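Got your viewer open? Let's take a walk through this one, stop by stop, selecting as we go.

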Amino acid sequence: MNLTRRCFLAVGMGAAAGTLGTPLPWKLADDTAIWTQNWPWTPVPADGAASRVAARCLLCANGCGIHVRCMDDRPISIEGLPGDPLGGGGLCPQGASTLQLSYGPARVVKPLKRSGERGSGAFVPVSWNAALDLMVKRLKKCQTDGRANALAGVMNRSDNGTLPAMMQRFFHAYGSTHLYAPETADTAAAAFFSSAVGHPVILSRDMADCDLVLSLGCGLVEGWGTPVAMIRTVSGWKDAGTQLFHTDSRLSNTAAQAAGKWIPIRPGSEKNLVTGMIAEILRQNRFSPAAMTRIRDFRTWAGTLVRNTDLADAAAATGISESRIRKLAAAFATAKKPVALFGRGQGDYPLRTDEMLTFQALNLLCSGASKLTAAPDYGAWKRPGTLFRPLHQLADHAADVDMLWVVEANPAYTLKASARTRKRLSDIPFIVSMTSQMDETALMADLILPVHTGIERIDDRVAFPPGPSPWMTFSPAAVRPVYNTRHPGDLILALAAAVGGKTAFALPWNSMEAALKARHGKNWQTLARHGAIEMTAGPSVTTPLDLRDMAAITAADPDPGDDYPLTLVPVDSLCAANDSQANTPFMTKIVSDSVLKKRDLLVEINPVTAKRLGLGDCEQARLETPVGAATVRVHLTDGMMPGVIGMPRGFGHQAQDPYISGKGISYHMLIAAAEDTVTGFDTAWMSRARLSRV
Ligand code: SF4
């Protein structure tokens with residue numbers, strides 16, 4: 001068959017014409033229960049009294065309500081909590097199989113101290129007292145040597161929950177400014193817009209109440225934002241007749257199943273598309289009159305943008321025709337409540353400043369469905385702690401670190417160009433990992449302090465579901481801890497007390513529960529009883545947004561060059577966990593064989609690209625980028641844009657359980673961090689690449 005780029009578009013549009021007919025079926029709780037019974041390491045409880053305990057899944061910010069089914073006091077399965085305001089009774093595959101994190105083979109069951117070469121996996125058990133003594137001695141030494149900044153900390157979340165706030169207080173009182181966490185598109189946008197308007201704000205998007213959605217590469221049914229709540233919202237759009245336009249270089253599930261219209265676009269060129277749309281809306285005078293007060297110095301900004309924007313350039317950069325850009329602009333401008341959503345894939349890549357400004361400019365121009373509101377009151381602790389730094393900056397500071405304290409994070413896996421980064425981390429004299437799983441960072445640690453899994457502990461989170469307001473959520477401990485583990489919050493408090501001085505003063509509580517009560521104050525009883533409180537969104541920000549920098553920053557070069565003529569982009573899926581937490585065994589079991597063939601990862605390419613390179617379906621190939629190389633297999637699909645390679649994320653683990661370890665390669669190894677000059681966030685998402693036969 002002679003396949004051309006037109007074939008790619010035709011196939012894509014045909015498939016995308018299908019719509020999301022029914023709410024996506026997540027009957028995974030039952031399936032997982034069946035699978036769970038088949039793993040040899042899962043304890044099969046004797047007959048006993050059946051019960052169900054309500055709690056929350058703590059694996060991501062969605063905080064879905066769960067029912068933990070128990071036989072006597074042994075948990076046997078997890079189900080969605082019917083009627084829960086956040087999960088609505090649904091669960092994603094990771095949440096449905098979360099029980100496997102408590103009993104699985106990667107679980108760390110007691111404190112461990114390194115006994116062999118770093119990374120060799122040689123550890124010996126150590127008592128809790130001895131482990132904490134070791135850590136306290138190091139903490140005190142850094143402080144008495146006047147080198148508090150030689151302590152660096154890493155968390156996997158920088159949200160406004162109590163655990164990150166405790167770490168911020170610890171580091172502030174201790175005197176270290178080196179606390180790191182990864183950013184997402186949303187947290188980066190909130191941080192950027194907060195500094196732009198001069199006080200803390202959130203991006204408030206009432207997605208349930210809009211009539212047109214422009215998704216700028218968001219994997220809306222692949223785990224974007226708050227995954228389960230988002231899938232429910234997308235289902236609701238279908239029922240309400242909300243139009244969904246989705247831009248993507250790949251026929252993703254969002255493009256094929258959810259979107260009314262899929263708009264294939266060259267990777268990374270969304271800013272060009274939106275700039276073209278804005279110019280067209282301005283030229284046609286189709287903007288909302290309110291835009292003149294939302295955007296600073298509106299007339300000058302609009303005049304400059306119209307003068308400098310040629311639709312032909314936008315069409316050339318994006319691969320989208322001028323007439324299509326015009327139609328999209330008209331549809332957006334004439335909708336009653338349109339909203340442009342941004343954050344590529346699962347939304348965990350921060351965007352460049354110029355991209356954020358451009359996308360929000362489109363929202364400000366046409367509707368109030370996406371606006372900045374003052375951040376709500378998250379709790380009683382008003383004094384700021386040490387601010388989180390972007391995680392990628394840890395690699396540059398690593399040489400000055402004496403002690404790295406990692407709390408439920410896995411920087412050895414998640415940091416980009418991670419082979420090089422792992423080397424820098426492994427040169428740090430003392431690494432402590434507080435984790436429930438034997439991940440890559442734990443494997444290189446000197447000390448592993450095992451912590452309770454989500455269902456074994458109390459905790460809180462701030463969730464940003466698709467409605468206008470965030471929610472404060474709380475989860476009680478659904479089951480007793482299975483092993484000799486502790487709550488990470490209790491460990492932070494114990495360490496603060498042992499270090500003494502200002503640090504002990506900043507964290508005076510004797511348990512995580514006491515800290516939670518102090519933080520939530522008058523809301524504590526309600527939060528503990530109901531498990532979730534919808535927070536009152538603050539007033540809308542009335543300060544006009546200064547958009548002059550929108551054009552001043554150079555957009556990414558869409559030309560991939562000669563040495564690396566292809567573009568590598570990540571492919572996200574709900575069946576592959578790509579954060580600190582790796583796949584559960586159940587998730588690995590349901591990965592398609594077009595993604596993993598035994599231990600080989602398959603990357604997606606268009607048959608046109610394959611023909612040019614002389615590659616056949618499933619053949620091995622050498623994938624190279626400017627920072628790394630790996631052997632992969634190719635999966636030929638008309639749903640991938642010619643010239644683009646789609647690489648599934650979430651694989652290439654060297655630790656964790658035997659079901660995921662050693663399978664595929666990690667996307668992070670093939671791309672380098674790219675720091676935004678304004679925000680300092682790492683905005684790298686795609687890379688130049690080449691592919692050749694082996
Ligand atoms: S969406 Fe998040 S909170 Fe909900 S089940 Fe999945 S991992 Fe858990």
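How far apart do the C-alpha centres of domain 2 and domain 3 lie? Keep in mind that you're looking at a predicted model. The two centres are 26 Å apart. As for the contact between these domains, domain 2 puts in 25 residues and domain 3 puts in 25 residues.

To colour the chain by domain, select 201-374 for domain 2 and 557-693 for domain 3. Domain 1 takes three selections: 112-185, 382-458 and 486-510.

**Next stop: the open sheet**

Show the strands and pick out the open sheet of eight, which has mixed pairing. Its strand order reads 5-4-17-16-15-6-7-14. Now select 123-125 (strand 5) and 389-390 (strand 14): these are the edges. Each has a single partner strand, so one side of each has no neighbour in the sheet.

Then move to residues 403-407, strand 15, and residues 430-435, strand 16. This pair runs parallel, with five bridges joining the two strands. For a spot to zoom in on, select Val407 and find its bridge partner in strand 16, Met434.

**Further along: strands 23, 24 and 25**

Select 628-636 to bring up strand 25, then add strand 23 at 600-605. These two run parallel and are joined by four bridges. Click on Val603 and look across to Val634 in strand 25, which stands opposite.

Now add residues 620-625, which make up strand 24. Strand 24 runs antiparallel to strand 25, and six bridges link them. Together they form a hairpin, with two residues between the strands. Select Thr625 and you'll find Gly628 of strand 25 opposite.

**Last stop: the ligand**

Which residues surround the ligand? Select Cys57, Leu59, Cys60, Asn62, Gly63 and Cys64, then Leu91, Cys92 and Gly95, and finish with Pro227 and Val228. Colour this shell by residue type and you get eight nonpolar residues, three polar and no charged ones. Finally, hide the ligand and look at the space it takes: that is the second largest cavity.

Technical notes. Residues are numbered from 1 along each chain as its sequence is written. This is a predicted model: local features need pLDDT of at least 70, side-chain atom pairs count only at pLDDT 80 or more; totals for chains, interfaces and linings use all residues. Side-chain values use heavy atoms; hydrogens and water are left out. A residue is near a molecule or strand if one of its heavy atoms lies within 4 Å of it. On a 1 Å grid over the protein atoms alone, a cavity is a set of points where a 1.4 Å probe fits but cannot get out, and a pocket is an open set with protein on both sides within 12 Å along at least five of seven lines; lining residues have an atom within 4 Å of a point. A molecule sits in a cavity or pocket if more than half of its atoms lie within 2 Å of its grid points. Ala, Val, Leu, Ile, Met, Phe, Trp, Tyr, Cys and Pro count as nonpolar, Asp, Glu, Lys and Arg as charged, and the others, Gly among them, as polar. Two strands pair if DSSP finds at least two bridges between them. Domain bounds come from an automatic or database domain assignment. Contact means heavy atoms within 4.5 Å.
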